[in-house]
Amino acid sequence: MGKIKRGVSLYSYQQAQFFKELDLEGQIREVGENLYGADGIEMLDEMSLRNYPNPPEEFFDQWFSWMEKYGTTPVTMDVFCDVLQFRDHVMSISECADRLKSDIRLAKKMGFKNVRTLATTPVEVMIEALPVAEECDIRMGKEIHAPIPLNGQYVNEIVDYCQKTGTKHLGIVPDWGIFAYRPSEVTLDWYVRQGAKRESCDLVTEICMDNYLGKSDELNKIDLSLYSAGNVESMFHRYLKFGDAPKDLIPAFNKMQGMIRSNVSGYTDIDFEVMGQALLLSRTKAEDLKELMPYIVGIHGKFYNMSEIPEKPGTYQDISMDYEGPIGFLKEQGYEGYINSEYEGQRRFQDRDEAHLISEVDQVRRHQEMLKRLIGE
Amino acid sequence: MFDNFLIRKDSLKNEKDDHGNVIGFTFAARNANYRGVYLSLHNGYYIKVDGIQYKRDVQTFEINGKEPRSFEEIKTAIWEHWDYDDEGIIHVKKEGGLAPGRHTIEFQQSVLAAYGYLPTDEEWVKCPPEPGTGAGSDKTKNIVTYELELQE
């Protein structure tokens, strides 16, 4: 039986790139040389490439020379689709598919095996691009990102299509955030620095933990299975500011506001947003992966903060999400694909000065320590 | 995200025309995201300096080695990419420019990038949102305040 493979999404190094501490080669070098044998590279086209979507020809030679030099391999390219690009109309399904086809060809040219589309990409777009994916032998995976669950419409429609047609080039990319059971401590600390009350943070943590441990089902009735986390957060913010939101979201928003009103004195709008963090959880269990194993293109090892495990120096964990359970389950199921570290905690330090930013390099090294240990290499 | 780092601290300057008249001020900014975007999505800024607001009609944006462009022109740059690594220069028209010394700048960027289709899409084609309302700034939801020294 093969083993789970380890890699890194260069998304993890977004801050180091922003401050020009690590360029693309530096990021690849870090993966190849310092992560205990990790070799997978996942990359966001619009983050890592200069002159997207047409990098100069010399770039491709340079890219392959880096792969060879650092012993790394291209695994997945993450692509985007901003539907207002043309500004005079909203992009049609076919226009989105054209962009996806062009990204698939670019991924092929860089030696990637997979292309990840956004969670909110309509399945029709992926189906229209499928002939190009098959021609290029690229597997397309739709990201399944919290609060989207594994057992909802977005996953079902992909699985149904695969079963109906037998295609091997369509699937899903689960993001580990679906196994988060509470907001990260770094997210809550950030909210406190923005003016939220510590009581609100304690309240949201308590409600999430009660739900996780089966002591309460307060959150289970909320269904945000068709929204991305980024969109839910910005819609809640707009709702608080201007009172407008998609109708199906309003009951959940009201519920979060109600909990703060009845439990926290002297609250302000930002306390509602702290409570809104509870809406970003998928409440997924490892067993939910079982029927989906053949469709997993790759997995995003999302994490928010790696802290040392008490009394176990040199070993690390993320206290907001379950890694042990799902990794154990994936091993049992014989998963042989990649888990790629995807660090997302850096933005929770960026309200402070440069001296208080966090080291992404260090966080990813800690995460890879944990993956290696749990995989049992 | 990158809240405190979107404007380069040492970039605030007055701008002169060919005859040496001060016609406004400029500063350098980055995209508040973890990736680049097609330039057409860039919808302008909420800018308030020492309590006075400067709207889109007095703003131009300089990027990719081209002359500063108005946001009406930027809107048509549908195949030009604003790469993640690159800083752009915001030009604000203001006769006489800013006085020497420290200035308080309140700042929010509007870039109409998103995760797929949104309920606001059709509305934003017809009538792009006003920068500063939070629209197009999902990764830096709040208006950020900077204290900047005018450079020589």
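This is a short tour of the two largest pockets in a predicted model.

**Stop one: the largest pocket**

Start by selecting A:Gly230, A:Glu233, A:Glu344, A:Arg347 and A:Arg348. Of the 49 residues in the lining of the largest pocket, these are the closest to its centre. The space here comes to about 980 Å³.

Next, colour helix 10 (229–242) of chain A, then add helix 8 (185–193) and helix 12 (269–276); each of these supplies at least two residues of the lining. Helix 10 of chain A has the largest share, with six residues.

Now colour the lining by residue class: you should find 19 nonpolar, twelve polar and 18 charged residues.

Before moving on, show the domains of chain A. Where does the largest pocket lie relative to domain 1 (5–179 + 282–375) and domain 2 (185–280)? Both domains give residues to its lining, so the pocket lies between them.

**Stop two: the second largest pocket**

Keep helix 10 of chain A in view and select A:Met235, A:Arg238, B:Leu118, B:Thr120 and B:Trp124. These residues lie nearest the centre of the second largest pocket, which has 27 lining residues. Two elements give two or more residues to this lining: helix 10 of chain A and helix 2 (121–126) of chain B. Helix 10 gives the most, with four residues.

The volume here is about 390 Å³. Colouring the lining by class shows 14 nonpolar, seven polar and six charged residues.

Finally, bring back the domain colours: domain 1 and domain 2 of chain A each contribute at least three residues to the lining of this second pocket.

Note on methods. Residues are numbered from 1 along each chain as its sequence is written. Chains are lettered from A and ligands numbered from 1 in the order in which they are written. This is a predicted model: local features need pLDDT of at least 70, side-chain atom pairs count only at pLDDT 80 or more; totals for chains, interfaces and linings use all residues. Side-chain values use heavy atoms; hydrogens and water are left out. On a 1 Å grid over the protein atoms alone, a cavity is a set of points where a 1.4 Å probe fits but cannot get out, and a pocket is an open set with protein on both sides within 12 Å along at least five of seven lines; lining residues have an atom within 4 Å of a point. Grid points are joined across faces, edges and corners, and a volume is the space filled by probe spheres set on the points. Ala, Val, Leu, Ile, Met, Phe, Trp, Tyr, Cys and Pro count as nonpolar, Asp, Glu, Lys and Arg as charged, and the others, Gly among them, as polar. Domain bounds come from an automatic or database domain assignment.
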